[in-house]
Structures are given as structure tokens and as C-alpha cells.
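Please open the model in your viewer and keep the sequence panel beside it. The tour below goes from one selection to the next, and at each stop it says what is there.

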Amino acid sequence: MLTVLHETFSHHTFLMNGLIQGVKGFLSFLSAPLIGALSDAWGRKSFLLLTVFFTCAPIPLMRISPWWYFAMISVSGIFSVTFSVIFAYVADVTQEHERITAYGLVSATFAASLVTSPAIGAYLSASYGDNLGVLVATLVAVVDICFILLAVPESLPEKMRPASWGASISWEQADPFASLKKVRKDSTVLPICITVFLSYLPEAGQYSSFFLYLRQIIGFGSASIAAFIAVVGILSIVAQTVFLSILMRSIGNKNTVLLGLGFQILQLAWYGFGSQSWMMWAAGAVAAMSSITFPAISALVSRNAESDQQGVLQGIITGIRGLCNGLGPALYGFIFFLFHVELNELPPDQTSGKKAMQGAIIPGPPFLVGACIVLLAFLVALFIPEHSKASSTRKHSNSISGTLSNNLDRSSEEDIEPLLQDSSV
């Protein structure tokens, strides 16, 4: 993609990359609550199919028409919110005590794809040309869509869906800013959402520039970068399957989130001050452990939501991540610009950037800024309540025998926790 981007916008490559990713991220932010609410009402499978299709649709356009490719990437942000539907699907088919393991498996399989795909793509492009790489990616996307159509069952029970489609969704549920207003009044979900924003903002910026940074500033070759992705991906899989379950049982959900944020702070600080290859490898191992944060946060969200609100809440979280996907690359690019680190495309294995940065006190300023932002996320996460509001609400309502008392109790709780207790879906 970077090659096509550089060929299309040769003079402003990373400026255009930030613009494209920014538009896509903002559209994801706008659409994620609507997609989540619709999936709560109409079922997960159709929206899983829709989001996967539009996420993969731009791939073949890369070789057909680069301009249409980047335009389609930007517009596809409206439907590129697959994770909100997937995590809501997981919440439908698992019990609460099984959910963290399931979220870890979902994140681990995503990490597994990151382990294999860069190496496969690099090999195909080097041996047979870029066209074959794009063709194989397109075929994999088609197989994925066929798999959803033929093999994935609907997870949302019929009794959970409304009788009438037209009356099922209100504009308030679909409006991301209305959702954010509800979040602001909600003492449980507010710190979770702020934590997601502050922790994922530097992560999104890192994704947009880190591997080019490794090549240009640190001096990694193409093979070293592929090996780095593979090793960190494998360690992430282990962290999200083995260590995540152990940590959740031993120290609890909230403390697992805090531990993951601590690893992320250490990782970003190491990236920021590191100037040698071995430092990047060591920081990569820490980065693998920091990957436990998002599945732990997703489990925390699902524990604090009623069964008919899973899609809405996961949609809000995904929308915030989409907003970060737009703001993060712009933030990192701007900081690189302020510190006169020019991220222009270089031939493979060229190390002039490394030589230019040998005298710098802080080789990677954006990563250090990112560490400070994640430190703020850590401080906010300290205020996340320990207990599950949704579970306590269900137990409380079951213990009330009188209908009038039950209604009064529900209405008073709606005033306190408007997002968690909203039953209008």
C-alpha cells in the first residue's frame, strides 16, 4: 500500500496517508454506534457480512485504479467497524465468565493474521510481483465472505429482536455524539471510554509509521521487519491466550487493564529512547504483553452492559478507536515534522536516516509523547469501578417482588447510569 501511496502522491506521501486514514477513522467513529445498535436489533450475521465486505472491497482497486482505491478506503470507514460486531457476537454466545477467554482468542487470531500476512505478501511481491499479492489478498477476502454466508450462524436469539424493523432504532441511539453525551453522565463507562481513547491514540499513530521508522531511522532491512512482526505477533498470541486468562483469574479484570497499560507505557518509552536494534526487539517483547489491554477492556465493557446493549457499547468503543485511527497518524506525523524527522519513502535497507539520527537525544519523539498520553490513560483507569454494574442491577431487580417498586428502581437507576440502563433497544 505504501508503494502505491508513494507513486500516487509522491510529494506529500505521509500527509495524504494521514488525511486518508483520518477520513476513514472519523467515518468509523460516526457509523460505529449505528452499526452496533442495528446489530442489536436485527442480528449480527448480516452486519458481520456487511462490515467484512466493505473492509476488504478496496483491495482489488489497488491495481485497477489507485485514486479509486484511496477514495474507497476513505468511504469504507462507514462500514469498517467489524470488531464491534464481532465482540457483540462473542458476548451473545458466551457466558460472562467465559468472555475474557473468548475476547483473547479473537484478538489472538487477529494477531496471527498479522504474523503470517506480511511475510506472505513480501514473498509474493518479491518473487512474482505486487499483482499476485493483491490477487491473493482479494481471494482470501472472497473466501472470508463465503465463510460468513455459509458457515457462520446467527448469534442473536429471535426473542431479542423487535417485531417491527421500523420502530427498532431511534436517532438518539445512532448518533455518536448523543452516545458520547450519555457516556459523559455514566460513572462506569466514562472512564473506560477515556482510557480507550488515550491508550489507542498513540497505538494508532504507531501503526501508521513504526515499520517505516524501523527501516529509515533504526536501519532494519525488509527481512528484519518481517521477522519483527512475526516474533511480536507470536508473543502477542501467547499473551492474549495464556497470560490473559491467568491474569484475569489472579488479579482481576481492572488490574489486568492497568498492567497492560503499564506495559504499553514502558514499550513506547523504550521505542522513544531506543537507538539500537536490540532495544527495538526488547521493546517489541514488551509490546506483545501490552496487547492484553484491549481484550481486557472489551470484557470490562461487556460485564457492564445488559444483553440488549452489547452492540451499542462495543460500537461506541470501536467508534472511539476509529476516531483514534484518524487522529493518531496525524499526531505522529505532526510531531515527526516538528522534530524535523522526514518520513519519506526510501529504497530497501538504506540507512542514511539512521546516520542522520545518531546524534539525537530522543530518536523517536512521537513515541515518548505517546508514553505520556498512555500514562494519563493509566491514571484515568484507576477510577474504573471494580464491580459489574449490569450484574448487580440484574441481581437487584430479581430480588424486588413488587412491580411498582421494580419500575421505580429502574427509573431511578436510568437517571444515574443512562447508558447501561437504557432499555429502549
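Is tyrosine 271 buried or exposed? Tyrosine 271 is buried, because its relative accessibility is 1% and the cut-off for buried is under 20%. Please bear in mind throughout that this is a predicted model.

**The whole chain**

Before selecting anything further, colour the protein by secondary structure, and you should find 20 helices and 0 strands. The protein has 425 residues, of which 50% count as buried. If you consider the contacts between residues at least 6 apart in sequence, 82% of them join residues at least 24 apart.

**Aromatic pairs**

The structure holds 7 aromatic pairs, and two of them are visited here. Select phenylalanine 87 and tyrosine 103, whose ring centres are 4.7 Å apart and whose planes stand at 80 degrees, so that the pair is edge-to-face. Phenylalanine 87 belongs to helix H6 (residues 82-93) and tyrosine 103 to helix H7 (residues 96-128), so the pair ties together parts that are 16 residues apart in sequence. Both phenylalanine 87 and tyrosine 103 are buried.

Now select tyrosine 271 again, this time together with phenylalanine 367: the ring centres are 5.8 Å apart and the planes are at 65 degrees, so this pair, too, is edge-to-face. Here tyrosine 271 comes from helix H13 (residues 253-273) and phenylalanine 367 from helix H18 (residues 365-381), so the parts that the pair ties together are 96 residues apart in sequence. Phenylalanine 367 counts as buried because its relative accessible area is 0%.

To complete this stop, return to Phe87 and Tyr103 and add Phe294 to the selection, since these three residues form one aromatic cluster.

**Where H7 meets H15**

Next, show H7 and H15 together. Two packed helices are described by the angle between their axes and the distance between the axes. For H7 and H15 the angle is about 145 degrees, and the axes are 9 Å apart. The crossing in which H7 passes H15 is right-handed. On the H7 side, select Glu96, Arg99, Ile100, Tyr103, Gly104 and Ser107, and on the H15 side Pro295, Ala296, Ser298, Ala299, Ser302 and Arg303, which together make the contact. Sorted by character, the residues of this contact are 5 nonpolar, 4 polar and 3 charged.

From this contact, pick out alanine 299, which is found in helix H15 (residues 293-303). Alanine 299 is buried because its relative accessible area is 3%. If its neighbours within four places in sequence are set aside, alanine 299 touches Ile100, Tyr103 and Asn253. If you draw a distance from its C-alpha atom to that of arginine 99, the value is 6.4 Å, although the two residues are 200 residues apart along the chain.

**A glycine in H16**

Move on to glycine 328, which you will find in helix H16 (residues 310-338). Glycine 328 counts as buried because its relative accessibility is 0%. Apart from its neighbours within four places in sequence, glycine 328 is in contact with Leu201, Ala204 and Gly205. Between the C-alpha atoms of glycine 328 and glutamine 206 the distance is 7.6 Å, while in sequence these residues are 122 residues apart.

**A leucine in H8**

Leucine 135, which is your next selection, has its place in helix H8 (residues 130-151). How exposed is leucine 135? Leucine 135 counts as partly exposed because its relative accessibility is 46%, and partly exposed is the class between under 20% and over 50%. From leucine 135 to isoleucine 59 the separation is 76 residues in sequence and 8.6 Å in space, C-alpha to C-alpha.

**Last stop: cysteines**

Finally, select cysteine 56 and cysteine 193. Cysteine 56 is buried because its relative accessible area is 17%, and cysteine 193 is likewise buried, with a relative accessible area of 5%. How many disulfides does the structure hold? The structure holds 0 disulfides.

Methods:
Residues are numbered from 1 along each chain as its sequence is written. This is a predicted model: local features need pLDDT of at least 70, side-chain atom pairs count only at pLDDT 80 or more; totals for chains, interfaces and linings use all residues. Side-chain values use heavy atoms; hydrogens and water are left out. Helices (H or I, at least four residues) and strands (E, at least two) are DSSP runs, numbered from the N terminus. Buried means under 20% relative accessible area, exposed over 50%, partly exposed in between (1.4 Å probe, protein chains only). Contact means heavy atoms within 4.5 Å. A disulfide is a pair of cysteine sulfur atoms within 2.5 Å. Rings of Phe, Tyr and Trp (its six-membered ring) pair if their centres lie within 6.5 Å; planes under 30 degrees apart count as stacked, over 60 as edge-to-face and the rest as tilted. Axes are lines fitted to C-alpha atoms, for helices over the stretch in contact, and angles run from 0 to 180 degrees between N-to-C directions. A crossing is left-handed if the near helix is turned anticlockwise from the far one by less than a right angle, and right-handed if clockwise. Ala, Val, Leu, Ile, Met, Phe, Trp, Tyr, Cys and Pro count as nonpolar, Asp, Glu, Lys and Arg as charged, and the others, Gly among them, as polar.
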